[in-house]
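Biologist: Could you take me through this model, going from strand pairing to the enclosed spaces and then to the backbone details?

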Amino acid sequence: MKPILLLVAVLAAHPVFGQTKAKAQNVPEIPYESVPGFLKLPANLYLGEGIGVATNSKGHVFVYTRSGDTRLFEFDRNGNFVREIGQGLYGFEFAHAVRVDREDNIWAVDEGTNMVIKFTPEGRVAMVLGRRPEAVEGLVAPTPGAPEPQPEPYVFSRPTDVGFDAAGNIFVTDGYGNSRVVKFDKNGRFVKQVGTKGNQPGQLNLPHTMAMDANGNVYVGDRSNARVQVFDNDLNFKTIYDNVGNPWAVCISPGPHQYLFVSNSIPDNGLAQYRDLTGEIYKMELDGTIIGRFGKPGKQLGEFSTVHEIDCRNPNELFVVEITAWRVQKILLRAASSAR
Amino acid sequence: MVPFSSVFFRGVRWLCFGALATTLLSSDGFQAPASIPEIVFDASADFLKLPADIYLGEVAGVATNSRGQLFVYTRTGNPTIAVGNSRLFSHGGSRLFEFDRSGGFVREIGQGVYAFLVAHAVRVDPQDNIWIVDEGSNQVVKFNADGRVLMILGRKPEAVSIRVPSSNASAAPPGRGSAGAPGAGGAGDQFTRPSDVAFDSEGNIFVADGHGANARIAKFDRNGRFLLSWGSRGIETGQFNTPHSIAADAQGNVYVADQGNKRIQVFDGTGAFKSQITSVGVPLAVCVGGGAHQYLYSSHAGDQYGMDDAAIYKLELDGRVVGKFGSAGKQLKQFGLVNAIDCRTENNLYVGELTNWRVQKLTLHPSQPR
């Protein structure tokens, strides 16, 4: 067997394995610590792969996890278990992101059902976007070499993330199948989309994560292109930050001075060759200026095992969730130059 | 399912060096001599008391902790494939139960855990952490004594792969990680149907990997950091054909049940080959006992239904056979594919059977030759 053939085959099956060392050099290290044992789980509840984490305005923590089934859990600000949301939900098959909007509604993005689900703060379904394919016809294997179908406004293909602007417009990154960002109005009506698969500005290769600033700009983690792309609120291309590796997770903090966090996560394939290249999170200004970095790959407390989502409601108290360690870590950042 | 090699591997002799290996050579290549003593033993198949609504399925793993509590990892319930969008997702199929030293049911551990698909092994480390190995999810999960997850190795495939018959024999093998020689695997925890886990006194972790494309032993430090791996698919010493079970002795030597090659291979902790034991049939499960004088136990399954040819061997660590006991079948004191042996206490074993859905408690009477 020729190894090159195998490599091609593997890459074809897993187009997202490439992971690169960030171009940024001599970045200041931000001191930090991880709070041990923050989440308290009842004895019969277990987290699986840590996929989504988000806080609401009261500090409650929502964790979206690939457990035996994909499940959504709520914890209070002290990490005590409050409840499960969406038990047996038709839209829960393979978690990808959870976000909380300005009104404390909880949004889950599921890449196994192609759905984005909005829950009220009470945990009831308020709106759904996309539709789970009906299982009646079973699974049809894709035709090899067939052209990618044109994306339809209301049909996602393994969507990845969701964001909101001040007017309540909804933005969805879509995703592993399609290569686009879709804008809906607050009532879920299609407005606009941007992106085709490629590496040119405005094109996307696995839009994996997104965040929005107070002006409604959209920051897309264009993971396989190893860059963050910024679009304005009408999805016009603005700029690219390509010096912080492959963005698996992005987050923008609220408040008058907003920060952008970007995780260059170690891939989930467990290969040791990425240990010295990846695993760190960057703290940046919105204009792309890097403030510092923190973290390294590993399974111990304070190390990162494929960070998949960041909550940065408080830019000095982050929550990170990890695929290859079934946990949520609360990370306290210290100012690098603070006088003691 | 336990794949059995159709290649009967016989008649190949290896040149081994060193006093220990010379000792082992005496039995190399021979069928188990008729002079192996039969060890007299008793068995209990109803030692475990199950609540009315709890059932064991295929018992892939059984292990005790330092307090004599038993952990049973079993294939039970309803393994489910769900249709998502363009992919199929697997759920469930295995459960982990804890019993007290009298066999009373204590609790279930890991309800709904992501990795519990197709049980293959459970082991308890010297700190009483509980480790499961799942060949369906390609994962090794470490629970603390309270039953909470401390560490995971490997990753469950995101979706169920759909095999399309192909005339291209060089198509990618199932599973992930096949760099280098066939079966050598990638430098990391990309397991393919891993089968077992063992620990040395420093807490290093050894994973037998496994039933799938890989045929290797992977070593990690106590924090789960990949250190090295050894082995590839083949029949030479240091190669494997389904490394099915693994155990470590107090010196950190590693005993690998090389099932398809019908032998137990012994390595030091760096993967350097030391010796092999070829006189114990087809080894499914190995266990190294505690105490000052450590024994090696190995279950033999000569047919894939557990009905024709089975036994458990007791050996000195240097490979000398002390004796054997048991036969194949479904009755008491018979063995239907013993996939796990717990031998914390010499002459007091727990064995888990795949085809008989039970744990037998065995009491050996080695001083009473039959």
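**Strands, core and cavities**

Modeller: In this predicted model, S2(B) and S3(B) run antiparallel and are joined by six bridges.

Biologist: Which residue of S3(B) stands opposite B:Val62?

Modeller: B:Val62 belongs to the pairing of S2(B) with S3(B), which is antiparallel and holds six bridges. Five residues lie between the two strands in their hairpin, where B:Gly68 takes a positive phi near 85°. Across the pairing, the residue opposite B:Val62 is B:Val72.

Biologist: Which strands stand at the edges of the open sheet that contains S2(B) and S3(B), and why is one side of each left without a neighbour?

Modeller: The sheet has four strands with antiparallel pairing, in the order S2-S3-S6-S7 of chain B. Because each edge strand has a single partner strand, one side of each is left without a neighbour in the sheet, and these edge strands are S2 and S7 (105-109) of chain B.

Biologist: Within that sheet, which residue of S6(B) does B:Leu70 stand opposite?

Modeller: S3(B) is joined to strand S6 (residues 94-99) of chain B by six bridges, and the two run antiparallel. Opposite B:Leu70, the residue in S6(B) is B:Phe99.

Biologist: How many of the residues of S2(B) are buried?

Modeller: Buried is taken here as under 20% relative accessible area. By that cut-off S2(B) is mostly covered, and the count of buried residues is six of its seven.

Biologist: Which element gives the most residues to the largest nonpolar core?

Modeller: This core has 26 residues, of which B:Leu96, B:Phe116, B:Val122, B:Ile132 and B:Phe143 touch the most other members. The elements of chain B that supply two or more residues are S2, S3 (70-75), S8, S9 (130-134) and S10 (139-143). With three residues, the element that gives the most is S8(B).

Biologist: S10 is among those elements, so which residue of S11(B) stands opposite B:Val141?

Modeller: S10(B) pairs with strand S11 (residues 149-153) of chain B in the antiparallel sense, over four bridges. Their hairpin has five residues between the strands, and B:Gly147 there takes a positive phi near 90°. The partner standing opposite B:Val141 is B:Ile152.

Biologist: Which strand gives the most to the lining of the largest cavity?

Modeller: The model has five cavities of 30 Å³ or more, and the largest has a volume of about 80 Å³. Its lining comprises 15 residues, with B:Ala121, B:Arg123, B:Asp196, B:Asn339 and B:Ala340 lying nearest the centre, and by class it has seven nonpolar, six polar and two charged residues. In chain B, strands S2 (58-64), S8 (119-124), S12 (194-199), S16 (243-248) and S26 (338-345) each supply at least two residues of this lining. With four residues, the strand that gives the most is S8(B).

Biologist: And which strand gives the most to the lining of the second largest cavity?

Modeller: The second largest cavity holds about 60 Å³ of space. Its lining includes A:Arg66, A:Glu93 and A:Phe94 as well as B:Tyr114, B:Lys156 and B:Glu158, and the residues divide into three nonpolar, five polar and four charged. With three residues, the strand that gives the most is S5 (residues 88-91) of chain B.

Biologist: Turning to chain A, what is the bridge partner of A:Ala54 in S3(A)?

Modeller: Four strands of chain A form an open sheet in the order S2-S3-S4-S5, with antiparallel pairing. Its edge strands, S2 (49-55) and S5 (81-85) of chain A, each pair on one side only. S2(A) pairs with strand S3 (residues 61-66) of chain A over six bridges, and the bridge partner of A:Ala54 is A:Phe62.

Biologist: Where does A:Gly175 lie?

Modeller: The peptide bond from A:Asp174 to A:Gly175 is cis, with omega near -5°. The position of A:Gly175 is the loop between strands S11 (170-174) and S12 (180-184) of chain A.

Biologist: Is A:Leu206 buried or exposed?

Modeller: Phi of A:Leu206 is near 70°, a positive value in a residue other than glycine, and this residue sits in the loop between strands S13 (190-194) and S14 (207-212) of chain A. Because its relative accessible area is 5%, A:Leu206 is buried.

Methods
Residues numbered from 1 in each chain as written. Chains lettered and ligands numbered in written order. Predicted model: local features only at pLDDT ≥ 70, side-chain atom pairs only at ≥ 80, totals over all residues. Heavy atoms only, no water. 1 Å grid on protein atoms, 1.4 Å probe; cavity = no way out; pocket = protein on both sides within 12 Å on 5 of 7 lines; lining within 4 Å. Points joined across faces, edges and corners; volume = space filled by probe spheres on them. Nonpolar A, V, L, I, M, F, W, Y, C, P; charged D, E, K, R; others polar. Pairing = 2+ DSSP bridges. Core = buried A, V, L, I, M, F, W, Y, C linked by side-chain atoms within 4.5 Å. Buried < 20%, exposed > 50% of the residue type's maximum accessible area, 1.4 Å probe, protein only.
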